[in-house]
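Hi there,

Here is the structure I promised to pass on. Have a look at it first, and my notes follow underneath.

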Amino acid sequence: MKIKARENKLHRVNANSIICDRASLDELKEGKVVDISDEAAEELLNMGMAEKASNNKKKESK
Amino acid sequence: MADSRVLPISSVSYGLKAETSFGVGLDSSGDDGTAYLTQPVVQAQKPTFNIQRESRLLAGRGSVKNAADTIINARGGTVTMPFEMLATPRTLAQHCLLVGQENGQSGSIAHEMEIDGSSNNKSIGGSISSGLPHSVNLAYYPAAGEGIKVCGVIVSDLAISGDISANNGLLSISGNYWSGFSNPLSTSTALEQTFNGTWVAREATYFNLLDLDTRTLDVEGNATQTFIMKSFNFNISNGVNRVGFDTNGNAEVYVFPEYVVTGDITIKYDDEFDYGAANNVIQDFLDGDTLSLNMVFGASNDAEGEATIAAELQYTGDPGQDISEAGIFHTLPFECVQNSSTEAFKITTFKNEAVTAW
């Protein structure tokens with residue numbers, strides 16, 4: 001599942017106590033969209049620390 | 001030869017789990033397989049049985065009491081246990097509910113506990129629906145076969161404290177658990193218990209005072225002045241009493257005669273809180289003004305580690321001074337009072353769990 005961090009929330013997460021891997025967490029902190037396991041994503045969504053990232057891609061103009 | 005066994009205090013844990021029937025064990029079939037919520041304390045204190053014991057020196061016994069003249073009665077007593085921990089989203093919300101016996105919910109899920117003179121239960125002891133009223137089984141567990149299960153547990157008094165220079169600036173809670181089920185039974189409070197369920201792990205998200213993005217307090221003619229804070233304490237008590245006794249001598253009803261919220265807050269002496277006209281904290285005390293306090297961890301109560309505390313204060317003493325190299329701070333002692341339709345005290349905490357999960 002693709003998620004991104006919610007602004008001014010993620011700093012409260014203890015990196016040692018969540019399923020999300022450290023590298024992905026670092027990317028989330030940098031504001032990037034990460035694609036992680038559903039279980040890891042659901043945990044952060046449930047904590048209110050992240051939100052689902054849109055999968056919509058802009059259509060190329062013809 | 002003496003036994004070499006040592007029990008480190010860190011080997012002892014305790015957990016809570018919401019009751020579905022007042023004062024009844026959730027699993028009384030032998031070993032207790034309940035999935036208790038592990039509490040994040042440093043040192044788990046032992047429950048204390050406060051029962052009736054009387055020993056008399058009867059006439060004709062000579063100059064020392066006789067072993068046969070002691071009266072012990074485990075019926076009609078109480079069980080208490082102190083606790084202290086850093087607050088986490090679930091522990092803060094659940095302990096507020098255990099002392100305030102009130103829960104409102106919004107969103108997914110902000111738990112609100114307010115003390116307003118009408119919403120809080122005046123007694124409990126009847127049926128429980130969806131975790132309300134809220135009482136818990138408490139499992140104190142040093143080792144297999146040596147556990148203590150206390151049923152009908154609520155919180156009699158709860159302190160919510162924050163200090164920038166203590167506990168790394170993390171919010172803490174402390175207080176006392178209380179039960180009117182002092183007579184051990186197979187289906188209720190029990191000794192020599194083994195707990196073999198898979199306990200729910202401690203949370204690892206906390207409330208950091210440095211996340212207090214909103215801090216406002218009324219002063220004299222000026223509403224919602226922003227303050228710089230050093231520390232605060234709220235002390236909530238419900239004055240619980242046990243009433244009645246069932247066939248085993250355990251409580252039938254708990255009565256809460258008065259919810260009392262007192263506390264203090266230490267804020268900086270500056271142009272918004274001084275001894276001058278319109279900003280005079282001493283004048284607020286002398287006039288008996290009722291002042292709104294608002295403190296918000298985070299922004300919107302939609303993530304763990306966020307909470308809102310709102311209270312209506314009246315100062316109970318002349319503002320003291322906290323003097324340090326950081327300058328003069330006011331220490332303002334207060335009690336919380338219902339102010340028309342505004343709650344005496346209200347705390348809202350985010351934890352995306354239903355009360356039934358506690």
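Let me start with a small puzzle: which residue is the bridge partner of B:V243 in strand 16 of chain B? It is B:V253. Please keep in mind throughout that this is a predicted model.

That pair belongs to a wider pattern. Strand 15 and strand 16 (residues 253-255) of chain B pair in the antiparallel sense, over three bridges. Together with strand 7 they form an open antiparallel sheet of three strands, in the order 7-16-15. The edges are strand 7 (123-124) and strand 15 (241-243) of chain B, and each of these pairs on one side only.

Next, the nonpolar cores. In general, nonpolar side chains tend to be buried together in soluble globular proteins. The largest core here has 77 residues, and B:C96, B:L138, B:V261 and B:A311 have the most contacts inside it. Strand 9 (residues 147-163) of chain B supplies the largest share of this core, eight residues. Apart from it lies another core, of 16 residues, including A:L28, A:V34, A:M49 and A:A50. Coming back to B:A311, its contacts beyond neighbours within four places in sequence are B:L293, B:C336, B:A344 and B:F345.

As for how the chains meet, 11 residues of chain A are in contact with 10 residues of chain B. The chain A side of that contact has three nonpolar, five polar and three charged residues.

On confidence, the predictor gives the complex an ipTM of 0.84 and a pTM of 0.94. Chain B averages a pLDDT of 96, with 100% of the residues scoring at least 70.

Best wishes

Note on methods. Residues are numbered from 1 along each chain as its sequence is written. Chains are lettered from A and ligands numbered from 1 in the order in which they are written. This is a predicted model: local features need pLDDT of at least 70, side-chain atom pairs count only at pLDDT 80 or more; totals for chains, interfaces and linings use all residues. Two residues are in contact if their C-beta atoms, placed from the backbone, lie within 7 Å. Ala, Val, Leu, Ile, Met, Phe, Trp, Tyr, Cys and Pro count as nonpolar, Asp, Glu, Lys and Arg as charged, and the others, Gly among them, as polar. pLDDT is the predictor's confidence in each residue, from 0 to 100. A nonpolar core is a set of buried Ala, Val, Leu, Ile, Met, Phe, Trp, Tyr and Cys residues joined through C-beta atoms within 7 Å. A residue is buried if 20 or more other C-beta atoms lie within 10 Å of its own, exposed if 12 or fewer, and partly exposed in between; C-beta atoms are placed from the backbone. Helices (H or I, at least four residues) and strands (E, at least two) are DSSP runs, numbered from the N terminus. Two strands pair if DSSP finds at least two bridges between them.
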